[in-house]
Structure formats: C-alpha cells, structure tokens
Amino acid sequence: MRQSNMLIPTLREEPKEAEIASHRLLLKAGYIRKLASGVYNFLPLGKKVLRKVENIIREEMDHAGAQEIQMPSLQPAELWQTSGRWDTMGLELMRLKDRHDRDFALGATHEEVVTSLIRDEVNSYKKLPLTVYQIQNKYRDERRPRFGLLRGREFLMKDAYSFHQDFESLDEAYTRLYNAYSRIFERCGLNFRAVIADSGAMGGKDTHEFMVLSDVGEDTIAYSDKSDYAANVEMAPVITSYEKKTEEELDLQKVETPGVKTMQEVADLLNHSLAEGMKAITFKVDDKLVLVVTRGDHEINDIKVKNLYEAEIVELASEQETREILGAGFGSLGPINVPEEVEVIADNAVASMVNATCGANEDGYHYANVNPDRDLSISQYADLRFIEEGDLSPDGNGNIQFAKGIEVGHVFKLGTLYADRLGASFLNDQGKSASFVMGCYGIGVSRTLAAVVEQYHDDKGLLWPDSLAPFDLHLLNLNAKKEDHVKIADELYEKLHGLGYDVLYDDRKERAGVKFNDSDLIGVTHRVTLGKRAEEGYVEYKNRKTGFQDDIHISSLAKFLTNQ
Ligand code: 9G3
C-alpha cells in the first residue's frame with residue numbers, strides 16, 4: 001500500500017488526554033481516533049491489527065469446535081426482564097426506545113439472547129454439546145471510561161456460549177476453551193497468566209480470568225513465588241492460621257477517645273499497634289445491616305462478604321444509617337453492645353486477638369482489653385480479609401506476591417442459571433426435560449490489542465509481534481523527488497509485493513526525518529530504506545525491534561528477508 005494514499009494521521013505532539021502508553025501511541029501513530037468518551041474510530045492501521053487479533057481468535061475458536069454466529073446488538077427489554085437483569089443492571093446497561101416506544105438494550109453481553117435462541121432451536125440432547133461464538137461490539141456505559149481502548153463504552157468482544165446436557169460435558173468444553181485461550185494469547189505474543197477468579201453476579205463456581213501482566217492493569221493478581229498458583233486478589237483465600245498471644249486476659253475497660261477518627265489515631269492514643277485494634281465496618285448485605293470486624297491492619301474484602309451471604313448487592317452502609325442503628329459514627333464502631341437486628345461477623349484473625357481495643361458504639365469512647373471469647377458474640381468467623389503480599393499461598397506452596405494485570409479474557413461455568421430463568425430446556429437421554437448446562441467465555445478483542453501495545457512499545461513508538469504487525473515490511477524511499485530513485489523504489493515495491501509481502505510503501509515527498517519518525521511510530525518490524533546508496537543498488541535494512549541494521553544489495557534482498 002502506498003503511504004501517500006493512506007489515512008495514517010501521525011501526530012508530532014503528545015496527545016495530552018492520554019495517560020498510558022497504549023492510549024498515547026495508538027493516537028500518535030494514527031491507529032485510532034476518539035469520537036466520544038470511551039468511543040473510538042479504528043483507522044486503517046488500527047483496523048488491520050484488530051482484524052489480525054480477530055483472525056487468531058477465529059482460528060482457535062473454530063479449532064476448538066465452536067461455531068461462529070452473529071447476534072443482534074438490539075436486544076428487546078423483555079429478554080432482560082425475564083432474566084431479571086433489566087432492573088438489576090443500572091446505568092451501565094445502555095437502553096433505547098424504538099419508533100413504537102418499545103424498550104431495547106444495546107448488547108452489553110448476550111447470555112439472554114443466546115439462551116433464547118438455543119431454547120427455540122435445540123430440544124434434544126443429541127444436538128449437544130454445542131458451542132457458538134461471535135465477534136461483535138459491546139456497549140457498556142462505564143461511569144469513567146479511561147485508558148483509551150482498555151476501558152471503552154463501545155468495544156469489540158469475542159463472546160462464546162456453550163450448551164451441555166450435564167456438568168461433565170461443560171467441564172470438557174471449559175478445559176478445551178481454556179486451552180484455546182492460552183494459545184490465542186500466546187500467538188498474540190502476550191505475557192499472561194490464567195488466574196482463579198470470582199464469578200460475581202454470573203453465578204456458577206469455576207471461573208478464570210486471563211490477565212496480561214502490566215503496571216497499568218486495574219486488577220491485582222495474587223501469585224505464589226514458589227508454585228503456579230495465581231488468583232484475582234478479590235477472591236484469593238487466606239489460609240493463615242493465627243496463634244493466640246499468651247498474655248493474661250485483662251479486665252474490659254471503657255476508655256475516653258475524644259476526637260479520634262481512624263484506626264491509626266486510636267492505636268496512637270491507646271499506645272498499641274494497628275494489629276491490636278479491631279476494625280468494624282457496617283455493610284448493607286442485600287437489605288440487612290451487617291457489622292464486619294477485622295484486625296486493624298487488615299482490609300475487609302467485600303467480595304468475600306458477598307460470597308459468604310450469596311448476596312446480590314453488598315455495599316458500605318452510610319454513616320447516617322449506621323448511626324441510627326448503632327448509635328455512633330464510623331470512628332467509634334465495635335462488636336460490643338450491638339442491637340439484635342445487626343449481625344456481627346468477623347475475619348478469622350479476630351478470634352486470636354488478646355486484650356484488643358474496639359469502638360464502644362458511642363462517639364468518643366472505645367473498649368480496651370477486649371477478648372473475643374469473653375466479650376464478643378460473633379455470629380460467624382470466616383475468611384473475610386484481602387490476602388496480602390507475604391501471606392501463605394492458598395495452595396500451601398510458597399508465599400504470595402502481587403502483580404497488576406489487564407483482564408483480556410474471562411471464562412465462566414454458568415451452570416443452569418440462564419436456562420432456568422429463560423425456560424431453556426431439552427429432552428435428555430431419559431426423555432426427561434432438563435435445563436441446559438451452560439458456560440460462557442469472553443475475550444476483549446480491542447482491549448487485547450491495547451494490552452499488546454502496553455507490552456510491546458518503546459519511547460519511539462509501537463512495536464508489534466510479527467503475528468500482529470499491520471504490514472510485513474515498511475519500504476521507505478528517502479528521495480521521492482528523484483525520478484531514478486522513484487523508479488528503483490517502485491520496482492522494489494512491485495517485486496516485494498510479488499514475493500507475497502504485505503508492504504507499506506512510504507512514497508511521500510517528505511524529509512527523511514519525517515519518514516523515519518513515522519516509521520518508528522507505526523512500528524512495522526522490518527524496514528527497507530532506499531537512500532544514498534540507491535544508485536549502487538544497495539538498500540538499508542533495519543529491524544525495528546532488535547535495532548539490527550545492515551546494507552543489503554537489492555539482488556540478495558529477497559533471500560535476506562526470508563531469514564529475518
Ligand atoms: C451488563 C452490563 C455489564 C456487564 C454485564 C451485563 C459484565 C455482564 C459479565 C459478563 C459475563 C460474560 C459473556 C462473555 C464473557 C463474559 N458486565 N458482565 O453480564 F448488562 Cl451493562 O459479561 N458474558
């Protein structure tokens with residue numbers, strides 16, 4: 001392709017709204033352009049790379065036995081009302097009305113659509129297992145779209161759904177697609193980890209997220225320094241066993257703590273460490289108030305609280321409703337003198353605390369020398385805290401380290417959740433009606449492209465793994481104003497094209513510096529430059545990734561390139 005005809009609007013200046021490399025470089029190199037917050041145009045180079053990511057996914061999904069379909073983005077509200085998600089999904093679900101004033105959702109995901117499709121088309125176990133997938137834009141009205149393609153409001157997703165007569169069959173599909181995902185991300189040149197994840201509102205139990213290691217990732221991975229254990233920090237279990245200090249249990253004492261607000265201020269005033277104080281936080285779990293207690297130096301993991309109650313919604317209670325029921329503000333809450341209607345649960349670490357302090361549920365007062373067995377009525381101890389670096393790995397092998405990750409894939413075992421809600425059943429091999437057992441599997445395609453850039457770039461611009469580069473070769477003619485150079489370059493372009501290379505040919509009448517800058521930005525690995533030695537029949541080869549360069553005679557260029 002001749003660059004003089006291509007739409008590649010590279011920028012000289014840094015795009016100021018970009019906070020991370022992939023956002024900055026994809027804008028600067030003319031791959032994408034923002035239309036609105038979280039909504040992007042893919043320009044020719046961006047589209048070429050996006051299509052290469054899609055095709056790797058397509059090959060591996062087809063190889064795994066999945067069938068490609070295409071479902072609508074316009075989804076009738078009735079489907080979401082039947083599944084119950086029309087009301088539980090808040091502002092993130094984009095909704096619109098048609099000309100007859102009927103409600104629709106813009107497809108954020110397709111469990112409802114695909115389950116209704118298979119419900120209406122498949123009714124015998126003989127047609128199972130069946131896995132379908134699509135590669136299509138999704139719409140989610142993120143509260144804070146940011147980081148360019150990493151968190152957009154319209155983005156390209158591959159979403160697959162598998163249908164089974166039983167869980168054994170689901171397990172097989174899950175494993176097969178898990179392996180397909182590993183091949184997909186390997187072929188995209190990514191350094192990734194499959195981590196044990198939390199299934200959130202999707203129900204089901206097994207679920208894994210595929211995380212690309214990157215400092216700009218929004219997710220935290222807890223991984224073992226001695227085994228291949230890796231989990232999303234949200235769900236990593238804590239197996240630490242706490243030994244009780246042997247000091248004598250002192251008498252419970254109410255102490256004045258005027259004006260303290262934080263755990264640290266209490267610890268400082270009463271002259272003890274954070275770990276000797278009890279942190280008590282009020283949560284609304286669905287519609288009841290729960291007081292969650294942890295050791296002062298630990299963080300409450302709300303996902304673990306949610307899973308303990310199998311609740312739909314878990315959120316922090318407001319100070320006002322807390323005060324109404326417990327009689328004190330956030331700085332003085334504790335598990336003593338708690339009204340009946342408030343359930344008190346505590347993290348396992350609390351059970352081993354001796355002579356601890358806690359809020360007295362009275363502003364400006366705390367209790368000292370609190371000993372759980374004697375002074376507290378905890379309705380349940382559980383693993384409720386976030387795992388921390390240094391904690392034992394949940395597989396008992398090594399200790400936990402943290403890394404940031406970009407979630408590019410997520411595979412779920414859904415079970416019969418959606419089939420039950422949408423009445424999707426089939427006749428099983430005993431002639432009985434049974435709900436489909438389902439799995440669902442997503443890859444953020446545009447997010448994967450951005451994640452590749454995060455792992456492949458340098459200060460001069462983009463770099464691409466050969467599997468994704470927008471072109472095989474970048475051919476630069478530095479003297480596009482000299483007839484004889486143009487003739488040599490044109491012939492070389494035709495020759496390379498004839499050899500099957502997909503060539504980006506910079507034939508523009510621009511200065512050498514502009515051409516080199518743009519070539520560094522665009523990031524095509526193999527660059528062939530026709531410069532001052534053109535008359536002698538020499539071109540300069542440069543590898544954008546390794547920096548290797550050498551003068552090559554045109555007659556041996558083809559052979560040379562096959563070895564790159
Ligand atoms: C919504 C909105 C946002 C959502 C969802 C629904 C995430 C939603 C989870 C999934 C599960 C799987 C198939 C592909 C793989 C992931 N955000 N999820 O269901 F209405 Cl606004 O999407 N779906």
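Hi everyone. Let me begin with a term: a residue counts as buried when its relative accessible area is under 20%. One more thing before we look around: this is a predicted model.

With that term in hand, let's go to strand 28, residues 503–506. Which residues cover its two faces? On one side we have Val503 and Tyr505, on the other Leu504 and Asp506, and all of them are buried. As a reminder, side chains in a regular strand alternate between the two faces of the sheet. Strand 28 also has a partner, strand 27, which spans residues 473–477. The two pair in the parallel sense, over 4 bridges. If you want a place to start on your screens, find Leu473, which stands opposite Val503 in strand 28.

Now for some helix packing. Two packed helices are described by the angle between their axes and the distance between those axes. My main character here is helix 2, residues 44–63, and I'll take two of its contacts in turn.

The first is with helix 12, residues 445–455: the axes come within 10 Å and cross at roughly 110°. Angles of 65 to 115 degrees count as roughly perpendicular, so that is what helix 2 is to helix 12. The crossing is right-handed. Who makes the contact? From helix 2 it is Gly46, Val49, Leu50, Val53, Glu54 and Ile57, and from helix 12 it is Val445, Ser446, Thr448 and Leu449. Sorted by class, that contact has 6 nonpolar, 3 polar and 1 charged residues.

The second is with helix 6, residues 167–187, where the angle is about 155° and the axes are 9 Å apart. Anything over 145 counts as roughly antiparallel, so helix 2 is roughly antiparallel to helix 6. This crossing, too, is right-handed. Helix 2 contributes Ile56, Ile57, Glu59, Glu60, Met61 and His63, while helix 6 brings Leu177, Ala180, Tyr181, Arg183, Ile184 and Arg187. By class, we get 7 nonpolar, 1 polar and 4 charged residues. Keep an eye on Ile57, by the way: it takes part in the contact with helix 12 and in the one with helix 6.

Last stop: Glu112, in helix 5, residues 111–121. Is Glu112 buried or exposed? Its relative accessible area is 0%, so Glu112 is buried. And what does Glu112 touch? Leaving out residues up to four places away in sequence, the list is Leu79, Trp80, Ser83, Arg85, Tyr418 and Leu422.

That's my tour. Thanks for listening!

Technical notes:
Residues are numbered from 1 along each chain as its sequence is written. This is a predicted model: local features need pLDDT of at least 70, side-chain atom pairs count only at pLDDT 80 or more; totals for chains, interfaces and linings use all residues. Side-chain values use heavy atoms; hydrogens and water are left out. Axes are lines fitted to C-alpha atoms, for helices over the stretch in contact, and angles run from 0 to 180 degrees between N-to-C directions. Angles under 35 degrees count as roughly parallel, over 145 as roughly antiparallel, 65 to 115 as roughly perpendicular and the rest as oblique. A crossing is left-handed if the near helix is turned anticlockwise from the far one by less than a right angle, and right-handed if clockwise. Contact means heavy atoms within 4.5 Å. Ala, Val, Leu, Ile, Met, Phe, Trp, Tyr, Cys and Pro count as nonpolar, Asp, Glu, Lys and Arg as charged, and the others, Gly among them, as polar. Buried means under 20% relative accessible area, exposed over 50%, partly exposed in between (1.4 Å probe, protein chains only). Two strands pair if DSSP finds at least two bridges between them.
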